[in-house]
Amino acid sequence: MRAVRGTRRARSVLSTVDATQTPWWQRWSARVRGRLGHEVWLLPGGVLTGLLGESLLPLAVAVVGVPLAGRVRGERQARRERERRSRAVIALCGVLAGEERAGRQPAQALQSAAETGVAVERGLGGAHTGVLAAARFGGDVPGALREAAREPGAEGLVGLAACWRVAVDRGAGLAAGLERLEGALRAERDQEADLRAQLAGARSTALMLAGLPALGLLIGAALGAEPLRVLLHTGPGLACLLVGGLLEGAGAWWALRIVRGAEGR
């Protein structure tokens, strides 16, 4: 017991020493990225562009772009969380089927699955406590499963609730239904992954076209044309910048809307 306490104390001391030896600017950068995300780097980019172009307009655009980029990052994280929860639901069906095949009752199988892995907690999300309580004390497990199915990515729990209802009310085998449900959910997930792979080319093309104006500015600066001065300090340049920015944003939005519509279908 003393050895375990000594090991823990040594780890805490070493982590404290490592934290103090880390440069202050790295700690500050990690703290800012943790709160705001990588979109915070738009601000230094706007400041640098504003200094090069001697204008505050790039900084204003960067300030406006930070919440938009944060929204995109939030949607991406939500999609990843939905995919992780979907995989956890599939794993949960497989674990429950295995426990049922081992001779356990549905409630016992669910409790045993909760004790042996994390698929239950990830698949059921915040409702896993209510589902486990219903299974342990004879509550409405199918109702709790349908409640948990409201979270994005956990829609397969509706099928699990139906299998549970049939197995408990009519005495049918739960393992066979869970295995068929697992196969159907896995096939649906593979189909979605194949669709995303097919749409990856269209998404990459849209992002590449969105970056062409920046490439044009770099080429113009390399040729000595001073594109920032023309765009930020002349009337025609400001008009071209406004119209071009609106067309660029509309084109990127329309292309991503097409891709998202295909993914939704």
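Helices are taken here as DSSP runs of H or I spanning at least four residues, numbered from the N terminus. In this predicted model, two such elements, α10 (174–210) and α11 (212–222), each contribute at least two residues to a nonpolar patch. The patch covers about 740 Å² of the surface and is formed by Met208, Leu209, Leu212, Leu215, Leu218, Ile219 and Leu223. Helix α11 provides the largest share, with 4 residues. Ile219, one of the residues of the patch, is located in helix α11. The relative accessible area of Ile219 is 47%; Ile219 is therefore classed as partly exposed, since this category lies between the limits of 20% for buried and 50% for exposed residues.

A patch of another character is found on the surface, where Arg76, Arg79, Arg80 and Arg82 gather as a group of positive charge. Of these residues, Arg76 is placed in helix α4, which comprises residues 57–101. With a relative accessible area of 41%, Arg76 is partly exposed.

Gly130 was examined with regard to its position in the chain and its exposure. Gly130 belongs to helix α7, comprising residues 128–136. A relative accessible area of 42% places Gly130 among the partly exposed residues. The C-alpha atom of Gly130 is separated by 8.6 Å from that of Val141, a residue 11 positions away along the chain.

Key: Residues are numbered from 1 along each chain as its sequence is written. This is a predicted model: local features need pLDDT of at least 70, side-chain atom pairs count only at pLDDT 80 or more; totals for chains, interfaces and linings use all residues. Side-chain values use heavy atoms; hydrogens and water are left out. Patches are made of residues with over 30% relative accessible area and no salt bridge: like charges are joined within 9 Å, nonpolar side chains (Val, Leu, Ile, Met, Phe, Trp, Tyr) within 5 Å. Accessible areas come from the Shrake-Rupley method with a 1.4 Å probe; for residues, only the protein chains shown count as cover. A salt bridge is a side-chain nitrogen of Lys or Arg within 4 Å of a carboxyl oxygen of Asp or Glu. Lys and Arg count as positive and Asp and Glu as negative; His and the chain ends are not counted. The place of a charge is taken as NZ of Lys, CZ of Arg, CG of Asp or CD of Glu. Buried means under 20% relative accessible area, exposed over 50%, partly exposed in between (1.4 Å probe, protein chains only).
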